Amino acid sequence: MWTTKSAVRAVLPTALAATLGVLVGGTLVARRRLLVIDVVGDSMSPVYDHGDRLLVRRTRRFRVGDVVIAHHQVGGRRTLPPGSLATSWLVKTLAALPGDAVPPSVAAAVGSDRLIVPPGSVVLLGAHPASADSRLWGLVPAEDLAGVVITRLGSAPSP
């Protein structure tokens, strides 16, 4: 005959294993879909400041106005100049998608004859007027976008 204690003892290891499996599986899924990055520099000031920690959802679906992360653009490459203090991620606002009009502030960088953002390209702008963004680089490859900022988690801990 089963007593309450013996039933709990029989079920408890299975329940703990199932709970642990769910927690581990959920953590693995979250790590693939979420990313935490620290803002370096003031290109998104006053929206985000140097040292802010951001939670990012990895995605391939974007809308104009999203604050996105993208691979660093130096001369259109995913490389950083030697000795750069920048991270490999940019935080910028998505200003135009393929088929959208090229914003006037970017026209000089993309050429005055290009009025529409072509397929496979996007326009990224920083919040700060002196930001290095599409006003400097021109169009950015859409494949360089990696995710959308969900929220600011706070400031990064001081070293």
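Visitor: Let's start with Asp52: which residue of β7 stands opposite Asp52?
Guide: Happy to begin there, and please keep in mind that this is a predicted model. Strands β2 and β7 run antiparallel and are joined by seven bridges. In β7, the residue standing opposite Asp52 is Ser155.

Visitor: Which side chain meets Asp52 in a salt bridge, and at what N to O distance?
Guide: Asp52 belongs to strand β2 and its salt-bridge partner to strand β7, so the pair ties together parts that are 100 residues apart in sequence. The partner is Arg152, and the N to O distance is 3.5 Å.

Visitor: Is Asp52 buried or exposed?
Guide: Buried means under 20% relative accessible area. Asp52 has 5%, so the residue counts as buried. Arg152, at 44% relative accessibility, is partly exposed. For Asp52, then, the word is buried.

Visitor: How many residues apart in sequence are the parts that Asp38 and Arg53 tie together?
Guide: The side chains of Asp38 and Arg53 meet in a salt bridge with an N to O distance of 2.7 Å. Asp38 lies in strand β1 and Arg53 in strand β2, so their pair ties together parts whose separation in sequence is 15 residues.

Visitor: What does 26% relative accessibility make Arg53: buried, partly exposed or exposed?
Guide: Buried stops at under 20%, and exposed starts over 50%. Asp38, at 30%, counts as partly exposed. Arg53, with its 26%, therefore also counts as partly exposed.

Visitor: How many bridges join β1 to β2?
Guide: These two strands, with β2 covering residues 52-58, run antiparallel. One of the bridge pairs sets Val36 against Leu55 in β2. The number of bridges joining β1 to β2 is five.

Visitor: In what order do the seven strands of the open sheet follow one another?
Guide: The pairing in this sheet is antiparallel. The edge strands are β1 (34-38) and β6 (140-141), since each pairs on one side only. From one edge to the other, the order is β1-β2-β7-β3-β4-β5-β6.

Visitor: Which residue of β6 stands opposite Ser121?
Guide: Strand β5, residues 121-125, pairs with β6 in the antiparallel sense over two bridges. The β6 residue that stands opposite Ser121 is Pro141.

Visitor: How many of the five residues of β3 are buried?
Guide: A residue counts as buried when its relative accessible area is under 20%. Strand β3 spans residues 67-71 and is mostly covered. The number of its five residues that are buried is four.

Visitor: What is the bridge partner of His71 in β4?
Guide: On the β7 side, three bridges join β3 to β7, and the two run antiparallel; there Ile69 stands opposite Gly147. With β4 (residues 89-96), β3 pairs in the antiparallel sense over five bridges. The bridge partner of His71 in β4 is Trp89.

Visitor: How far apart are the closest N and O atoms of Arg135 and Asp133?
Guide: Side chains of opposite charge can pair when their charged atoms come close. The cut-off for a salt bridge is within 4 Å. Arg135 and Asp133 form one, and their closest N and O atoms are apart by 2.5 Å.

Visitor: What is the relative accessible area of Asp133?
Guide: Its partner Arg135 is partly exposed, with a relative accessible area of 30%. Asp133 is buried, and its relative accessible area is 0%.

Notes
Residues are numbered from 1 along each chain as its sequence is written. This is a predicted model: local features need pLDDT of at least 70, side-chain atom pairs count only at pLDDT 80 or more; totals for chains, interfaces and linings use all residues. Side-chain values use heavy atoms; hydrogens and water are left out. Buried means under 20% relative accessible area, exposed over 50%, partly exposed in between (1.4 Å probe, protein chains only). Two strands pair if DSSP finds at least two bridges between them.
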